[in-house]
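Visitor: I'm new to protein models and I keep getting lost in the whole picture. Please pick one small part, take me in for a close look, and then show me what lies elsewhere along the chain.

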Amino acid sequence: MMKRRNKWWLCVAPLYIFTLIFVLGPLIYMVALSFATNNDGIGVTWQFTLENFTKMADPVYVRCFVQSFQMAFMTTIFVVLIGYPFGYFMAKLSARGKKLLMFLIMIPFWTSSLIRMYGWIIILQVKGLFNKILLAVGIIDEPLKILYSYPAVVIGMVYALLPFMILAVYSSVEKMDWSLVEAARDLGASAPKAFLTVTLKLTLPGLLSGVILTFVPSMGLFFIADILGGNKIVLVGSLIQDQLTRGSNWPFAAALAVVLMILTTLMIYLYRSITHTKDLEGMF
């Protein structure tokens, strides 16, 4: 029995060591760095200070956080509206149809995200494919200036994060017991009511996972805002990247990352708490 336990620890130990070194270690260093003092952009002095956090009270940085949350919220809404129905109906297809759609969803991951974002520049520019289609159909009379604007960044965010929502919802619907839906229909529930009381409740974990996988990354995908927003949309991720490169203020960048991590964690916790309240359960 002792030999089996020792073998078990030998299998698990590398995972714990990897987690401590490459996950927990950098987080601890980031938190420690956030309380350090910047040495005029040429280094860091390990002298405790709260200046990196009090500096964020400046209206410029507050506006950056608000804009980042607005972007994350807007992106999540569109991803849910598109990704949930897609993942739901994808799970109801035949085995061949599922494989085909899964293949199409996974294809974008085979190319660099930067290349795909530059592809959207070609599509969204004034003489791009999107405007040509709208002009040909007769929806618009003159080209729309979408590129380097807020809608362009939202489109890029939705495009980049949509597969995560689709796969999360698909996984939940795929494992769902459809006999419960049939039982609800047999007991007199209409199709919409059966969906709200049974299907939505059973697929809520997948939907929640998709929301988390969408909301959290959209706060820090600064390269999408830089490429499609033309530096007009400044997110927290963009601010952190700017402090690490141009500003050379690593402690302040670390403080921004710590606050961003805390805020996103609180948002996730609040969302999970709301979805598990008795009032929401009573709706189902």
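Guide: Let's start with a term: a polar contact is a pair of N or O atoms within 3.5 Å, where, inside a protein, one atom must be able to donate a hydrogen and the other to accept it, and residues adjacent in sequence count only if both atoms are side-chain atoms. Keep in mind that this is a predicted model, so local features need pLDDT of at least 70 and side-chain atom pairs count only at pLDDT 80 or more, while totals for chains, interfaces and linings use all residues. Residues are numbered from 1 along each chain as its sequence is written, and side-chain values use heavy atoms, with hydrogens and water left out.

Our close-up is N249. Look for it in the loop between helix 12 and helix 13 (250–275); helices here are DSSP runs of H or I with at least four residues, numbered from the N terminus. A polar atom of the N249 side chain lies 3.3 Å from the backbone nitrogen of F252. With a relative accessible area of 9%, N249 is buried (buried is under 20%, exposed is over 50%, and partly exposed is in between, using a 1.4 Å probe and protein chains only). If you skip the neighbours within four places in sequence, N249 is in contact with N38, K55 and Q243, where contact means heavy atoms within 4.5 Å.

Now step back into helix 12 (residues 236–245), where you'll find S238. S238 counts as buried too, at 8% relative accessibility. Again leaving out neighbours within four places, S238 is in contact with F222, A225 and D226.

Next, a side chain that reaches for a backbone atom. T19 sits in helix 1 (residues 2–34), and its side chain reaches the backbone oxygen of L15 at 2.8 Å. With 33% relative accessible area, T19 is partly exposed.

For something odd, try Y148 in the loop between helix 6 (129–137) and helix 7. Y148 isn't a glycine, yet it has a positive phi of about 60°. At 37% relative accessible area, Y148 is partly exposed.

Now for whole helices. The axes of helix 7 (residues 150–174) and helix 10 (residues 204–218) come within 7 Å and cross at roughly 160°. Axes are lines fitted to C-alpha atoms, for helices over the stretch in contact, and angles run from 0 to 180 degrees between N-to-C directions. Helix 7 and helix 10 are therefore roughly antiparallel, the word for angles over 145 degrees. On the helix 7 side, the contact includes M157, L161, F164 and M165, while P205, G206 and L207 are among the residues from helix 10.

One residue of helix 10 deserves its own stop: L204. L204 is buried, with 18% relative accessible area. Its C-alpha atom is 8.0 Å from that of S172, although the two are 32 residues apart along the chain.

Our last stop is another helix pair. Helix 8 (residues 178–186) and helix 9 (residues 191–202) pack at about 150°, and their axes are 9 Å apart. Helix 8 and helix 9 are therefore roughly antiparallel as well. L180, V181, A184 and R185 make the contact from helix 8, and A191, A194, V198, T199 and L202 make it from helix 9.

Terms used: Helices (H or I, at least four residues) and strands (E, at least two) are DSSP runs, numbered from the N terminus. Angles under 35 degrees count as roughly parallel, over 145 as roughly antiparallel, 65 to 115 as roughly perpendicular and the rest as oblique.
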